[in-house]
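Student: I am new to this structure and should be grateful for a close look at a single part of it. Could you choose one helix, describe its surroundings, and then place it within the whole?

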Amino acid sequence: MNTPQDSSLGREVSYPSQYDPGLLFPIPRAGARAEIGLDEAALPFVGHDRWHAFELSWLDPRGKPQVAVATVQVPCTSPRLIESKSFKLYLNSLNSTRLDSADALRERLVADLSACAGAPVQVTFGLPALRESPLGELIDGLEVDIDCYGPPQADYLSANADALVEETLVSALLKSNCPVTGQPDWATVSVRYRGPQIDRAGLLRYLVSYREHAEFHEQCVERIFSEVSARCRPQWLEVEARYTRRGGLDINPWRASPGIATPAATYRELRQ
């Protein structure tokens, strides 16, 4: 069985001393999607999982260490997501690997990550620009009483059909837990949409209700997209969560209505 419980995830492991693409651990997307009523053959969104890699190193042909940062983009249409701890271990397995050039490293990353995900993965050197504050209206200052921290409560979501708006609502209070290790995952989430005006207090309560929920980053974003779509009926919707870094990696799952080609803006936040 290819499940997290059957892997080394959540257990003490030694850092690899040799290149090993077998360290990458793929997790099928279909199961989690079926739980929230998504059909793999007719996904209601487009999107990707954008990783930022800060700890990337290898050896040149003479044995001299090289370092770089990179952006890795996995399409949401890939049948499998790449588990983050295995991704970290895989990148560390390159630390003592001699490669002819940075281009040779990129080609190897593309080949290994694409094989793991089951679809073409993009790898580019460099990172998006850093912003001091997210784009959009922060809703975290709302005066609301909150007493639900899981499971996620879609009933909190509602919208005013008499008010048609186009806006981006932002909260830095998204927290969920790794379903394997139980470690906390922290993120700022942006909800950009056009349609009936979403009740901001309800949206904030809904996002906080993930606080004790155990689910992978990518799955949380797909759940948010699906439940906001179902409860608030926007004409179009874009959801992105920018998670804080762990082990030299941060992930930024982005899901949007078909027809939206790219995120409204691509950047890193101060917490990343």
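Tutor: Helices and strands are here DSSP runs, of at least four residues (H or I) for a helix and at least two (E) for a strand, and they are numbered from the N terminus. The model is a predicted one. The chain contains five helices and twelve strands. Its radius of gyration is 19 Å, close to the 19 Å given by the globule rule for 272 residues, so the chain is as compact as a globular protein of that length.

The part chosen is helix 4, which comprises residues 200-208 and is mostly covered, with seven of its nine residues buried. Those buried residues are A201, G202, L203, L204, Y206, L207 and V208. Buried, in this account, means under 20% relative accessible area. The cover has identifiable partners: the buried residues of helix 4 pack against strand 8 (159-177), strand 9 (184-198) and helix 5 (217-232). At the N-terminal end of the helix, D199 serves as a cap, with a side-chain oxygen 2.6 Å from the backbone nitrogen of G202.

The partners of helix 4 lead outward to other parts of the chain. In the loop between strand 7 (137-138) and strand 8 lies P151, and the peptide bond from G150 to P151 is cis, with omega near 0 degrees.

From strand 9 one may follow a salt bridge: E238 pairs with R192, and the closest N and O atoms are 2.5 Å apart. This pair links distant parts of the chain, since E238 belongs to strand 10 (residues 236-243) and R192 to strand 9, 46 residues apart. The two partners differ in cover, because E238 is buried at a relative accessible area of 5%, whereas R192 is partly exposed at 23%.

Strand 10 takes part in a further pair, in which R242 forms a salt bridge with E269, with the closest N and O atoms 2.8 Å apart. Here too distant parts of the chain are linked: R242 in strand 10 and E269 in strand 12 (residues 268-269) are 27 residues apart. Both R242 and E269 are buried.

Another pair joins E215 and R223, whose closest N and O atoms are 2.9 Å apart in a salt bridge. E215 is buried, with a relative accessible area of 6%, and R223 also counts as buried, at 13%.

The loop between helix 5 and strand 10 holds R233. Although R233 is not a glycine, it has a positive phi of about 50 degrees. In contrast to the buried residues of helix 4, R233 is exposed, with a relative accessible area of 62%.

It remains to place these details within the whole chain. The count of salt bridges comes to 15, and R29, R33, E40, D49, E222 and R255 are linked in a network of them. Among contacts between residues at least 6 apart in sequence, 74% join residues at least 24 apart. Buried residues make up 50% of the 272 residues. The chain exposes about 12,500 Å², of which carbon and sulfur atoms supply 48%. Along its principal axes, the C-alpha trace spans about 65 × 40 × 35 Å.

Definitions and conventions
Residues numbered from 1 in each chain as written. Predicted model: local features only at pLDDT ≥ 70, side-chain atom pairs only at ≥ 80, totals over all residues. Heavy atoms only, no water. Buried < 20%, exposed > 50% of the residue type's maximum accessible area, 1.4 Å probe, protein only. Contact = heavy atoms within 4.5 Å. Polar contact = N/O pair within 3.5 Å; in protein donor to acceptor, adjacent residues only side chain to side chain. Salt bridge = Lys/Arg side-chain N within 4 Å of Asp/Glu carboxyl O. Rg over C-alpha atoms; globule rule 2.2 N^0.38 Å. Areas by Shrake-Rupley, 256 points an atom, 1.4 Å probe, with all protein chains shown as cover.
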